[in-house]
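Got the viewer open? Keep the selection box handy, and we'll go from stop to stop.

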Amino acid sequence: MIVRTTEELAGLKRVGRLVARTLDVMERMVAPGVTTADLDRAAEACAMAERARSAPRLTYNFPGFTCISVNEQVVHGVPGPRVIQPGDIVKVDVTLELDGFLGDSARSVLVPPVAETATRLHAAAVAAFEAGFAAAQVGATIRDVGAAVGAVAAANGLQVLRQLSGHGIGRKLHEPPDVPNWDDPDATTVLRDGMVFALEPMFALSDSTVTDEKDGWTVRTRRRSLAIHHEHTIMVRAGQLPLVLTAL
Ligand code: MF3
Ligand code: CO
Ligand code: CO
């Protein structure tokens, strides 16, 4: 969406802050022995206390409240009995709806002992997000943003998972435009003041393609290499850096 009123901005900030708080609750709980269903229940309790709803459930009838994906799983993992192990990379992705506004953010949580490759992968995803964020200026294109993200992946010898993209958001979970994480010549949308989208680098150590798991939801790397995901909902602003809506 494009924000035009202070009420719209206030609504997006409110849901965005709640997304951030919910992710904090989940991140603090991540430890060996905890199940992904435990994390999901805690997230649901946090969000429900504010009367927020799960956007994946609302929009797609997703079977969890949040999406939780581990190791080679990239996105859309279904919370369940899986027990978190030492060394896991746990990707928690929260999308909430509150009073008609939506916010979407994801983090990768590394469970000690953390392999050096995992640390590198994580740092690259955060750096790529920052690069795309800085490129998201009024008058630039979505292609410019993707090129900045993709350049960081390339500089670190990582693969961009091109089948997956960021997206417009605001009144619905997935709005136009698509926000690819690479220099896509088709991403011609010009950024405007107030434009809101989810910027979400998704990289893998060696795979460049993904496939669906048997549950029909979980997306994993085809040859099971480690994957990373880092996401915020941001708003483009004239003459300054974008605003991170999914921050505290
Ligand atoms: N949070 C996801 C995103 O970043 C949306 C998941 S919707 C689902 O776009 F139903 F597919 F899980
Ligand atoms: Co998300
Ligand atoms: Co998203």
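Two strands count as paired if DSSP finds at least two bridges between them. Helices (H or I, at least four residues) and strands (E, at least two) are DSSP runs, numbered from the N terminus. Before clicking, note that this is a predicted model, where local features need pLDDT of at least 70 and side-chain atom pairs count only at pLDDT 80 or more, while totals for chains, interfaces and linings use all residues. Residues are numbered from 1 along each chain as its sequence is written, chains are lettered from A and ligands numbered from 1 in the order in which they are written, and side-chain values use heavy atoms, with hydrogens and water left out.

**Stop 1: a three-stranded sheet**

Select Phe-203 and look across to β13, where its bridge partner is Ile-228. Strand β10 (residues 202-204) pairs with β13 in the antiparallel sense, over 3 bridges. Now show the rest of this open sheet: its 3 strands run in the order β6-β10-β13, with antiparallel pairing. The edges are β6 (159-160) and β13 (227-229), each with a single partner strand, so each has one side without a neighbour in the sheet.

While you're in β6, click Val-160. Is Val-160 buried or exposed? Val-160 counts as buried because its relative accessibility is 13%; the buried label means under 20% relative accessible area, exposed means over 50%, and partly exposed is in between (1.4 Å probe, protein chains only). Draw a C-alpha to C-alpha distance from Val-160 to Thr-95: they are 23 Å apart in space and 65 residues apart in sequence.

**Stop 2: the first cobalt ion**

Select ligand 2, a cobalt ion, and display its protein donors: Asp-93 (OD) twice, Asp-104 (OD) and Glu-231 (OE), at 2.1 to 2.5 Å. Donors here are N, O and S atoms within 2.8 Å of the metal (3.2 Å for Na, K and Ca); water is not among the atoms, so sites may look incomplete. Along the chain, the donors of ligand 2 follow the spacing D-x10-D-x126-E. Asp-93 sits in strand β4 (residues 89-98) and Asp-104 in strand β5 (residues 101-110), so this pair ties together parts that are 11 residues apart in sequence. Asp-93 and Asp-104 are both buried.

Why is the arrangement around ligand 2 irregular? Its 6 donor atoms subtend angles of 56 to 171 degrees, which makes it so. For the cut-offs, four donors are tetrahedral if all angles lie between 85 and 135 degrees; four are square planar and six octahedral if opposite donors are over 155 degrees apart and all others between 65 and 115; anything else is irregular.

**Stop 3: the second cobalt ion**

Next, pick ligand 3: this cobalt ion is 3.3 Å from the cobalt ion that is ligand 2, and Asp-104 coordinates both. The protein donors of ligand 3 are Asp-104 (OD), His-167 (NE2), Glu-200 (OE) and Glu-231 (OE), 2.0 to 2.2 Å away. Its site is irregular too, with angles of 50 to 167 degrees among 6 donor atoms. The sequence spacing of the donor residues is D-x62-H-x32-E-x30-E. Asp-104 is in strand β5 and Glu-200 in the loop between β9 (196-199) and β10, so the pair ties together parts 96 residues apart in sequence. Glu-200 is buried, as is Asp-104.

**Stop 4: ligand 1**

Show what surrounds ligand 1: of the 14 residues around it, Asp-93, Thr-95, Asp-104, His-167 and His-174 come nearest (a residue is near if one of its heavy atoms lies within 4 Å). For polar contacts, look for pairs of N or O atoms within 3.5 Å; within protein, one must be able to donate a hydrogen and the other to accept it, and residues adjacent in sequence count only if both atoms are side-chain atoms. A polar side-chain atom of Asp-93 is 3.0 Å from a nitrogen atom of ligand 1. An oxygen atom of ligand 1 lies 3.1 Å from a side-chain N or O atom of Glu-200, and a polar side-chain atom of Glu-231 is 3.2 Å from an oxygen atom of the ligand.

**Stop 5: a hairpin and a cis bond**

Select β7 (residues 166-168) and β8 (residues 175-179), an antiparallel pair with 3 bridges. Gly-166 has Val-179 as its bridge partner in β8. The two strands form a hairpin with 6 residues between them, and Gly-170 in the turn has a positive phi of about 150 degrees. Finish at Pro-177 in strand β8: the peptide bond from Pro-176 to Pro-177 is cis, with omega near 0 degrees.
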